[in-house]
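Visitor: I would like a close look at one part of this model, and then a walk outward from there. Could you take me through it?

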Amino acid sequence: MEMTAAISPYWHGNQTWLVILGASLFAAFPVVYAVFLAAFYIPVLLLLFGLIFRGVAFEFRHGDRTRMLWDRGFFLGSTIATFVQGAAVGAMIGGIPVANNQFAGGTLDWLRPLPLLAGIGLVLGYALLGAGWLVLKSEGRLREWGRRRIPWLAAAVLIVLCLATIAAFGERNRIEGQLFLGRTWGLIFPGIGLLAMFGVFAGVHSRRDAWPFAMTAVFFISAFLSMATMFWPYMIPYSVTIGSAAAPDASLYFLFWGALFVLPVVGAYTAGVYWLFRGKFPAAVASANLHRILVIGGGAAGLELATRLGDQLGRRLLADVTLIDRSRTHLWKPLLHEFAAGSMDQSVHEVDFIAHAHWHHFRYRIGEMIGLDRSKREVQIAATVDEDGQQVTPPRTLGYDTLIMAVGSHGNDFGTPGVGQHAILLDTPIEARRFHHRLVNACIRANAQSGPLRPEQLHVAIIGAGATGTELAAELRYTTRQLIAYGLDRIDAEKNIRIVLIEAADRILPALPPSFSDATIKLFAELGVQVRTSARVAEVTSNGVKLANGDFIPAELVVWAAGVKAPDFLRNLDGLESNRANQLVVSASLQTTRDNNIFAMGDCAACPWFGTAGKIVPPRAQAAHQQATHLVRQMKRRLAGRPLNSWRYRDFGSLVSLSEYSTVGNLIGGFWVQGLFARTMYLSLYKMHELALHGLTKVTLDTTSRLMTRRTEPHVKLH
Ligand SMILES: Cc1cc2nc3c(=O)[nH]c(=O)nc-3n(C[C@H](O)[C@H](O)[C@H](O)COP(=O)(O)OP(=O)(O)OC[C@H]3O[C@@H](n4cnc5c(N)ncnc54)[C@H](O)[C@@H]3O)c2cc1C
């Protein structure tokens, strides 16, 4: 849309010049016409087909449903029309046999290396001219898009030009003219052309917007002058001269007087249009017609989706993709317990939204979504403020054509007293960092303390023994030993550090088969991690956890990992259907039940799980990944106006990482896996997420660099 907007004001004027040129040639040089049509009737037919097809495509591409089809038609028509023009010029350089003012060659004479290379060269040259025009006339992403392509196109033009020169040597027996031999002064034109090409590169390098187009235009003018010098005095090389091809004097007089009136009018019209639409085409106006896809939440689901949509649609300017997140960086949530325990460094794994959006051709805007107006298709974004209370961005509204909600979930304390004040809910990177600081501080404080430790000191209570709580318990058992080993020698790990895992159900890991729970309980018993099952938490206090049965578990650090819910603002979000956990209810196409323009995925979506009795898809990273992959395809179908496919969750099983001690889990079909194989499978989940975001090269380099620095750094984060 932006591209066509950048050419549409001049489009009709250029077609007018094409018609005038064709008609004048016919009137002034009828012999040329006769010979030319006979020699190139296949290319001419293709040219007409290409011109008509691209003209129709240009006018019809405004409908959403068929736009992609017409765009391809426009591309095809333009390529054919340009290629045959180039091929005809290439065939002329090789010479056209004429006898008695009639073409004396074969129909397919033009299918030789030189004409074919000239055809390819002209396609590349026009593409270069077009890219230069976009840089000249547009702003923002379209200008960058054009600029990035210019060096490649210019290099390709030069390579094809070299190949065409070699091919011309192969045809030197056909070329009967003088070329530059008799008029070496004419070599100035190819020289200017070559300099202009350097000017194109220099213009891109110095980011001067007018240079690439101006220099390409100079290149084309010098190419025409070079050919005129080569062909002179021939009109059809090397058989019909300009004098012998000219029409009778009466026709030329008629043409002269006609042109005297018509040319100034068309010239004035063209100049008027260029003057009226002078300057740049503003980015905001240019992108106004693109389909706006707005993704809210750059987590496991949202960032994968925005990245792929940016790469596949945003990059080719087929859609305008924007991601909103209240944070500036992305961290894969299943790693939070490792960051909290200090076995991984957050800063090494963070993805910077601003840079990532720039590299993947989507727009990122910081802010927290707080409301929705479905009738206006707008979302409301709260103001953002920095640590000093200074406003960074004001409250805003953003429009959409397709809205995709991927705001995830957070801990659900079910109204338990004291959780908000005294416990940490391990559901954001900020909370994970807060927990880690408190853990390290607790160890340093205890080590520096001269008196005895209080009962709760160095005790950690983890409430909720699902996968997150259980993994955290194992991770803490490992990293606290590592931490103490770095010289905190007044702490006796076995005696002073205590980790208690509290679970309301009658076994830990209640969502997994009982054999998992038994194996994990056995391991925890060996490691000294205490487990309290069938224990309901009544209150969290400043120094521990009160159970419903009256027991008190002293603890300096309390983590709440018992259940999740979607953000509260999703409840009654402008009439969208939500469930008790605030999740937006969606159909199998991931569209919300009451608005087809709004999709939801990841933890914040309640999506039917086919093959189970009324269950919804569990809030898991693998579901988020599958939904993002599915929606990338569906967005393309939506843009093309095709019906959407349903999504089905494929459960690949569950894996629980028990730090360095073990990894256990079951895969599809209920296969029990353990040890190195299970660990590899567990790690592969994160690698798949990284691959979806960064691609193979970056992931390989990042992984290698992390493996190398791991050898020179502490294995646990100490600050
Ligand atoms: C500690 C832990 C361990 C886990 N381990 C596993 C595991 O081993 N395997 C597994 O499959 N799953 C695991 N999960 C679950 C998994 O992390 C989630 O299912 C997954 O991250 C969901 O992805 P999402 O994109 O829906 O949400 P998230 O990844 O939570 O992303 C939500 C994003 O939305 C942003 N956001 C939220 N509200 C707003 C708003 N109003 N406006 C703008 N932005 C907003 C947030 O900043 C965030 O970037 C674990 C979860 C936790 C917490």
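Which residue in S28 is the bridge partner of Thr592?

Guide: Happy to help, and please keep in mind that this is a predicted model. The partner you are asking about is Asp595, which sits in S28 and is bridged to Thr592. The two strands involved are S27 and S28, the latter spanning residues 595–600; they run antiparallel and are joined by 2 bridges.

Stepping back from that pair, you will find an open sheet of 6 strands, ordered S9-S6-S5-S15-S28-S27, in which the pairing is mixed. Strand S27 (591–592) is one of its edge strands, and strand S9 (363–366) is the other, each of them pairing on one side only. As general background, the strands of a sheet pair through backbone hydrogen bonds, in either a parallel or an antiparallel way.

A second sheet makes a good companion to this one. It is open too, with 3 strands in the order S30-S31-S32 and antiparallel pairing. Strand S30 (653–658) and strand S32 (671–674) are at its edges with a single partner strand each, so each has one side without a neighbour in the sheet. From one strand to the next, the twist averages 10°. Between S30 and strand S31 (residues 662–667) there are 6 bridges, paired in the antiparallel sense. Should you want a residue pair to look at here, Ser654 has Asn666 of S31 as its bridge partner.

Now to the ligand. A shell of 28 residues surrounds the ligand, and the closest are Ala301, Asp325, Met369, Asp603 and Ala621. Of these, Asp325 has a side-chain N or O atom 2.6 Å from an oxygen atom of the ligand. For the side chain of Lys333, the distance from an N or O atom to a ligand oxygen is 3.0 Å. Ala621 takes part through its backbone, where a polar atom is 2.8 Å from an oxygen atom of the ligand. On its own the ligand has 1,000 Å² of accessible area, and the protein covers 91% of this. Helix H12 (300–314) and helix H21 (621–639) are the elements that give two or more residues to the shell around the ligand. The most comes from H21, with 3 residues. By character, the shell around the ligand has 13 nonpolar, 9 polar and 6 charged residues.

Some loop residues also deserve a visit. Glu456 is in the loop between helix H17 (429–448) and strand S18 (459–463). Its relative accessible area is 12%, so Glu456 is buried, the cut-off being under 20%. The side chain of Glu456 also makes a polar contact, at 2.9 Å, with the side chain of Arg454.

Leu458 lies in the loop between H17 and S18 as well. Leu458 is buried, with 7% relative accessibility. Its backbone is worth a look, as phi of Leu458 is positive, near 60°, and the residue is not a glycine. Most residues other than glycine have a negative phi.

Arg377 likewise has a positive phi, of about 55°, without being a glycine. You will find Arg377 in the loop between strand S10 (369–373) and strand S11 (378–381). With a relative accessible area of 34%, Arg377 is partly exposed.

Technical notes: Residues are numbered from 1 along each chain as its sequence is written. This is a predicted model: local features need pLDDT of at least 70, side-chain atom pairs count only at pLDDT 80 or more; totals for chains, interfaces and linings use all residues. Side-chain values use heavy atoms; hydrogens and water are left out. A residue is near a molecule or strand if one of its heavy atoms lies within 4 Å of it. A polar contact is a pair of N or O atoms within 3.5 Å; within protein, one must be able to donate a hydrogen and the other to accept it, and residues adjacent in sequence count only if both atoms are side-chain atoms. Accessible areas come from the Shrake-Rupley method with a 1.4 Å probe; for residues, only the protein chains shown count as cover. Helices (H or I, at least four residues) and strands (E, at least two) are DSSP runs, numbered from the N terminus. Ala, Val, Leu, Ile, Met, Phe, Trp, Tyr, Cys and Pro count as nonpolar, Asp, Glu, Lys and Arg as charged, and the others, Gly among them, as polar. Two strands pair if DSSP finds at least two bridges between them. Axes are lines fitted to C-alpha atoms, for helices over the stretch in contact, and angles run from 0 to 180 degrees between N-to-C directions. Buried means under 20% relative accessible area, exposed over 50%, partly exposed in between (1.4 Å probe, protein chains only).
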